[in-house]
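Please go through this model step by step. The questions below move from the overall dimensions to the strands and the helix.

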Amino acid sequence: HFERISIALRVEGDLQALQAALATLPSISPSIFIDGFVLQSAATAENMAIRVVCELQLFALRAKS
């Protein structure tokens, strides 16, 4: 008996920052679940961190009152 709350994000940045953000998802309350994602590399200058563009489809559940 839950209500599903959908969340759509588009983020751009370096790959390590994205990995760190995704690693924190299990500790967030209320829980946020990954429904799907698309990851693409972005143009980078030489000697820079790997940059990516990521589109995430997330959702959270809320108890119906």
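Q: What radius of gyration does the protein have, set against that of a compact globule of 65 residues?
A: This is a predicted model. The C-alpha atoms fill a box of roughly 55 × 20 × 10 Å along the principal axes. A compact globule of 65 residues would come out near 11 Å, whereas the protein has 15 Å.

Q: What percentage of the residues in the protein is buried?
A: A residue is buried here if its relative accessible area is under 20%. The accessible surface of the protein is about 5100 Å², and carbon and sulfur atoms hold 56% of that. Of the 65 residues, the buried ones make up 18%.

Q: In which order do the strands lie in the open sheet?
A: From the N terminus on, the elements run β-α-β-β. The edge strands are β1 (2–14) and β2 (32–41), each of which pairs on one side only. With antiparallel pairing, the order in the sheet is β1-β3-β2.

Q: Which residue in β3 stands opposite L9?
A: Strand β3 covers residues 51–63 and runs antiparallel to β1. The two strands are joined by 13 bridges. Opposite L9, in β3, stands L56.

Q: What angle does the direction of helix α1 make with that of β1?
A: The protein has 1 helix and 3 strands. Helix α1, residues 15–24, packs on the sheet and touches β1, β2 and β3. Its direction makes an angle with that of β1 of about 160°.

Methods. Residues are numbered from 1 along each chain as its sequence is written. This is a predicted model: local features need pLDDT of at least 70, side-chain atom pairs count only at pLDDT 80 or more; totals for chains, interfaces and linings use all residues. Side-chain values use heavy atoms; hydrogens and water are left out. Two strands pair if DSSP finds at least two bridges between them. Helices (H or I, at least four residues) and strands (E, at least two) are DSSP runs, numbered from the N terminus. Contact means heavy atoms within 4.5 Å. Axes are lines fitted to C-alpha atoms, for helices over the stretch in contact, and angles run from 0 to 180 degrees between N-to-C directions. The radius of gyration is taken over C-alpha atoms; the globule rule is 2.2 Å times the number of residues to the power 0.38. Buried means under 20% relative accessible area, exposed over 50%, partly exposed in between (1.4 Å probe, protein chains only). Accessible areas come from the Shrake-Rupley method with a 1.4 Å probe; for residues, only the protein chains shown count as cover.
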